[in-house]
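Welcome! Please take a moment to look over the sequence and the model, and then we can walk through them together.

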Amino acid sequence: MWQEDDLVFAQANGRPIERKSDWKAWKSLLNEAGVREVRLHDGRHTAATLLLSEGVHPRVVMEVLGHSQMRTTTDTYSHVMPALGKDAADRMGRALWD
């Protein structure tokens with residue numbers, strides 16, 4: 001998908017993004033969306049959980065999160081995996097008997 005050295009986040013003038021302005025942008029985004037304030041890291045967990053629950057392959061989620069190993073992703077989000085297993089079984093049932 002991308003290489004680690006491909007990702008560069010900067011201001012329009014090329015200087016690094018300041019944490020304070022990044023935090024303000026996050027808060028503004030939450031406010032505009034009409035959701036309660038949460039840590040940016042909570043947003044990361046929510047994104048990963050939603051992607052996995054929507055059937056996105058763990059390898060893709062791993063790359064989005066920047067984990068170096070898929071095991072990190074699957075171990076961290078193992079609470080989502082049983083639901084995925086049930087979904088897979090339901091799909092197999094429909095494929096065989098519907």
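The paragraphs below go from the overall fold to its surface and then to one helix.

Before we begin, keep in mind that this is a predicted model. Which elements make up the chain? There are five helices and zero strands, and anyone reading along the sequence meets them in the pattern α-α-α-α-α. The chain is more spread out than a compact globule, because its radius of gyration is 18 Å, well over the 13 Å that the globule rule gives for 98 residues. You can also picture the overall extent as a box: along the principal axes, the C-alpha atoms fill roughly 60 × 35 × 25 Å.

Next, let us turn to burial and contacts. Of the 98 residues, 13% count as buried. As for contacts with a separation of 6 or more, 28% of them are accounted for by residues 24 or more positions apart.

What does the surface look like in numbers? The accessible surface of the chain comes to about 8000 Å², and carbon and sulfur atoms hold 55% of it. The chain also carries 13 positive and 14 negative charges, and the mean positions of these two sets lie 6 Å apart.

Finally, have a look at helix α2, which covers residues 40–53 and has 14 residues. From its first C-alpha to its last, helix α2 reaches 20 Å, close to the 20 Å expected at 1.5 Å a residue. Follow the chain onward, and just after α2 you will find G55, with a positive phi of about 90°.

How values were computed. Residues are numbered from 1 along each chain as its sequence is written. This is a predicted model: local features need pLDDT of at least 70, side-chain atom pairs count only at pLDDT 80 or more; totals for chains, interfaces and linings use all residues. Side-chain values use heavy atoms; hydrogens and water are left out. Helices (H or I, at least four residues) and strands (E, at least two) are DSSP runs, numbered from the N terminus. The radius of gyration is taken over C-alpha atoms; the globule rule is 2.2 Å times the number of residues to the power 0.38. Buried means under 20% relative accessible area, exposed over 50%, partly exposed in between (1.4 Å probe, protein chains only). Contact means heavy atoms within 4.5 Å. Accessible areas come from the Shrake-Rupley method with a 1.4 Å probe; for residues, only the protein chains shown count as cover. Lys and Arg count as positive and Asp and Glu as negative; His and the chain ends are not counted. The place of a charge is taken as NZ of Lys, CZ of Arg, CG of Asp or CD of Glu. The expected span of a helix is 1.5 Å times one less than its number of residues.
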